[in-house]
Structures are given as structure tokens and as C-alpha cells.
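The following exercises invite the reader to examine a protein model step by step. Each task is followed by a worked solution.

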Amino acid sequence: MAILLTGGTGFIGSHLARNLIKEGHDIILFDKYINYNRIKDILNSVKIVEGDVNLWNEVVEVISKHDIEDVFHTAAELSVKAEKSHATAFKTNIEGTFNVFEASRILGVKKIIFTSSLSVYGPKSGFPIKENSYRDPTSFYGVTKVFGEIIGMFYHYKHGIDFRCARFPVVIGPGRRGEGATVTFSTLIEKAALNETATIDIPQNTMLPILYIKDAVNFLISLWKAKRVKKRIYIVGGVPISMKELIETLKKYIPNAKINIEIDEEAERVAKIWTLLTTLVVKAGQEKLYRNIEDINWKLKYTSIEEIVKDFIKYVQTHKDMYIGY
Ligand SMILES: NC(=O)c1ccc[n+]([C@@H]2O[C@H](COP(=O)([O-])OP(=O)(O)OC[C@H]3O[C@@H](n4cnc5c(N)ncnc54)[C@H](O)[C@@H]3O)[C@@H](O)[C@H]2O)c1
């Protein structure tokens, strides 16, 4: 019996894989664009399968061939890419997600953990937000995440799959790649830790709710391991922080950090959506909620931007070969 991680060589997938391996689990990383660099240190401890969630046969094959018991479904096209090409995001995030659920049903997978996002909310959600608040996505990415949540609940009710879902804020940490507001918060710290120049493509008043990768991975593992869950979908709390505050904090640890500013129009648009969402959460006095979820035995460990930045820099500087030049 093995555990499948779709998008397994991605940012969250690779950190999750590392932790699952430490616990002795047999895991399969299934990914369309395999990033060997991100999994350099665990290459000998995982099985890697190159494949596309959008291709039915490949999804069926990986699940049946490896006797998969549970799936962490993290494969997705992320926000800015999904805004630039709705069609690509539709194929991966909607058709691909359907393939994962349907193949899992047919082949007897027991549990599916899905990584959703606070981007399922929007101005009409009503703040403070709750798990059952009205979903009002203002991005195509958010639309695809709503689909993932709904199909997950359907497969749970109708077919008995043990569906569990994390509605994450913005996750930052070493190895995050891609475009846009949420990525810039990560690359700024990573580049500075490597003494490289970081490019900021969003305004400094951009505000995001941040969750450090170590907390995100612990959350997914706690959610997966919990004997029983009170909810099927959990909001996961984070730390609201602006780009300006992030730069100031970074400079406490790396005073000569090299930063280049080149605003990108699409990244700025996505940044505005996040800033609005974060402001509404803070205004509703909600920023400290969902940091301690007792029923799955999870507690946010990195509760301040200082703690996050400090650990992030340390991690990159002690794993330089995984990040330099990539
Ligand atoms: N990073 C965040 O801030 C954040 C926040 C909320 C939710 N999430 C969700 O968590 C998951 C992982 O995000 P991440 O930050 O690790 O992103 P990522 O881009 O690093 O990882 C996604 C992985 O999916 C793979 N992939 C893309 N299309 C595929 C396809 N058609 N078939 C197979 N694999 C495919 C990519 O190659 C990549 O390795 C995603 O579902 C994302 O929506 C992320």
C-alpha cells in the first residue's frame, strides 16, 4: 500500500514528501513537470512517475500499478497562470481533479486530501468568513478550487471517499516558484538568503495572509492522520503581512538584500484581490482565528513574520545546492 502525491515534485508536494518519508511511508510522486532539483535530497527514497492528471489512462495507471491507498491531490495550475490561461487551468484543475476522484472511486482509494485556497472567498462571502460561508471567487483559480471542494464532497457523500480539504492562505517557503504576488513573498527571502537579486513584481502595499511551509505540511499530515474529522473542509489560519513589512523584516537579518522592482500588471491585479481579502479578514478581527485546530491536533507554530523569515533564511542557507541557480 502506498500514498500518491499528485503534483508531488511541486513546492508543497516536495516538502510534504520529505516529511512523509521521515515517518517511513511508501510514497509515489506523480507530476507533469518533474522538478528533480526540489527533491534532490529524497530521490532515493521515492518513486517518481511522470504523468498528467488530465490524461485519464495515466491517472488510472499510477493508482492501480502502485496499489494506492490514499491520495494527496496537490497538482494544479496556480493563480497567475490560471488567470493568463483559463483553458490550461480548466484542464488540470477541473478535468484533472475529476480524473483523480473518478479513478480513485473505481480503484478503491480510501482517502483524498485536497489543497484548496482562501481564494474561494470574495467580497460577497461576508466577513468574518467561516467554512460554510458563501463562496465568491474573483479569480479563475478560485473557481477551480470551488470545483475541487464540491466534487470532493460529492464523492464523499455518494461514494464514501474520505475527503478532507485544507483551505490554505498563501503558503511561503524555500522552493516556491512561478509567477505573481504570492510567489514574490517567497522568492524575495530565498534570493536574499542566497545573496542574489530578488525582483518584486507587486506594489509594497500588497497584503497577504501567510502560512509557513512547515506549518502547512504539518497541517496536511495532521488532517490525513486524524482518526475522525469534525469537518471535511478546514480554513487554515496564517499571519497577515504586507510586502513593505516583509522587506523591513528581511533587512533586519540581511541588511544588504538586493531588491529590484518591476511591477507586472497581472500580478498586480491578483495582488489587489489578495489585499482586499486580507483586509476584510483583518477588519473582521479574524486574523488570529483558525490557528489552533484541536480536533485534528494541529497548532500554528510560526506565528510571527520574524519567526518565518528567520527559519526560511536558515533553511535556504543550509540547503544552498537545492536553490542556487534554480
Ligand atoms: N502555494 C500556495 O500558496 C497555495 C495556497 C493554497 C493552495 N495551494 C494549492 O496547493 C497545491 C500545491 O501548490 P504549490 O504551491 O506546491 O504549487 P506548485 O506549482 O509548486 O506545485 C504544483 C505541481 O503540480 C504539477 N502539475 C501541474 N499541472 C499538472 C498536471 N496536469 N498533471 C500533473 N501534475 C501537474 C506541477 O508540475 C507542480 O509540480 C495546489 O493545488 C495549490 O492550488 C497552494
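Helices, of at least four residues, and strands, of at least two, are DSSP runs numbered from the N terminus. The model examined here is predicted.

**Exercise 1.** Determine where P128 lies and what the geometry of the peptide bond from F127 to P128 is.

*Solution.* Begin with the location: P128 belongs to the loop between strand 5 and helix 5. Next, consider the bond that leads into P128. The peptide bond from F127 to P128 is cis, and its omega is near 5 degrees.

**Exercise 2.** Establish whether S133 is buried or exposed, and which residues S133 touches.

*Solution.* First, place the residue: S133 lies in the loop between strand 5 (111–117) and helix 5 (140–159). Second, apply the cut-off, by which buried means under 20% relative accessible area. S133 has a relative accessible area of 14%, and therefore S133 is buried. Third, list the neighbours. Leaving aside residues up to four places away in sequence, S133 touches Y121, S125, G126 and P128. Finally, a polar atom of the S133 side chain lies 2.6 Å from the backbone nitrogen of K130.

**Exercise 3.** Describe the length and the burial of helix 1.

*Solution.* Start with the length. Helix 1 covers residues 11–22, which makes 12 residues. From first C-alpha to last, helix 1 reaches 17 Å, close to the 16 Å expected at 1.5 Å a residue. Turn then to burial: 10 of the 12 residues are buried, so that helix 1 is mostly covered. Among the buried residues are F11, H15, R18 and I21. Last, look just after helix 1, where G24 takes a positive phi of about 85 degrees.

**Exercise 4.** Which residues other than glycine have a positive phi, taking D67 and Y290 as the cases to examine?

*Solution.* Take D67 to begin with. Its phi is near 50 degrees, a positive value, and D67 is not a glycine. D67 sits in the loop between helix 2 (56–65) and strand 4 (68–73). With a relative accessible area of 43%, D67 is partly exposed. Now take Y290, whose phi is positive at about 60 degrees although Y290 is not a glycine. Y290 is found in the loop between helix 9 (265–283) and strand 13 (292–293).

**Exercise 5.** Characterise the largest pocket by its volume and its lining.

*Solution.* The volume of the largest pocket is about 1,000 Å³. Its lining consists of 40 residues, and G10, F11, A76, E77 and L78 lie nearest the centre. Elements that give two or more residues to this lining include helix 1, strand 2 (27–31), helix 3 (79–84) and helix 6 (181–193). Sorted by class, the lining of the largest pocket has 16 nonpolar, 14 polar and 10 charged residues.

**Exercise 6.** State how many cavities of 30 Å³ or more the structure holds, and describe the largest cavity.

*Solution.* The structure holds 2 cavities of 30 Å³ or more. The largest cavity contains about 150 Å³ of space. It is lined by 15 residues, with L118, G237, G238, V281 and Q286 nearest its centre. The lining of the largest cavity divides into 11 nonpolar, 3 polar and 1 charged residues.

**Exercise 7.** Locate T97 and decide whether T97 is buried or exposed.

*Solution.* T97 is part of helix 4 (residues 86–107). The relative accessible area of T97 is 2%, so T97 is buried. Not counting residues up to four places away in sequence, T97 touches H73, T92, F147, G148 and I151.

Note on methods
Residues are numbered from 1 along each chain as its sequence is written. This is a predicted model: local features need pLDDT of at least 70, side-chain atom pairs count only at pLDDT 80 or more; totals for chains, interfaces and linings use all residues. Side-chain values use heavy atoms; hydrogens and water are left out. The expected span of a helix is 1.5 Å times one less than its number of residues. Buried means under 20% relative accessible area, exposed over 50%, partly exposed in between (1.4 Å probe, protein chains only). A polar contact is a pair of N or O atoms within 3.5 Å; within protein, one must be able to donate a hydrogen and the other to accept it, and residues adjacent in sequence count only if both atoms are side-chain atoms. Contact means heavy atoms within 4.5 Å. On a 1 Å grid over the protein atoms alone, a cavity is a set of points where a 1.4 Å probe fits but cannot get out, and a pocket is an open set with protein on both sides within 12 Å along at least five of seven lines; lining residues have an atom within 4 Å of a point. Grid points are joined across faces, edges and corners, and a volume is the space filled by probe spheres set on the points. Ala, Val, Leu, Ile, Met, Phe, Trp, Tyr, Cys and Pro count as nonpolar, Asp, Glu, Lys and Arg as charged, and the others, Gly among them, as polar.
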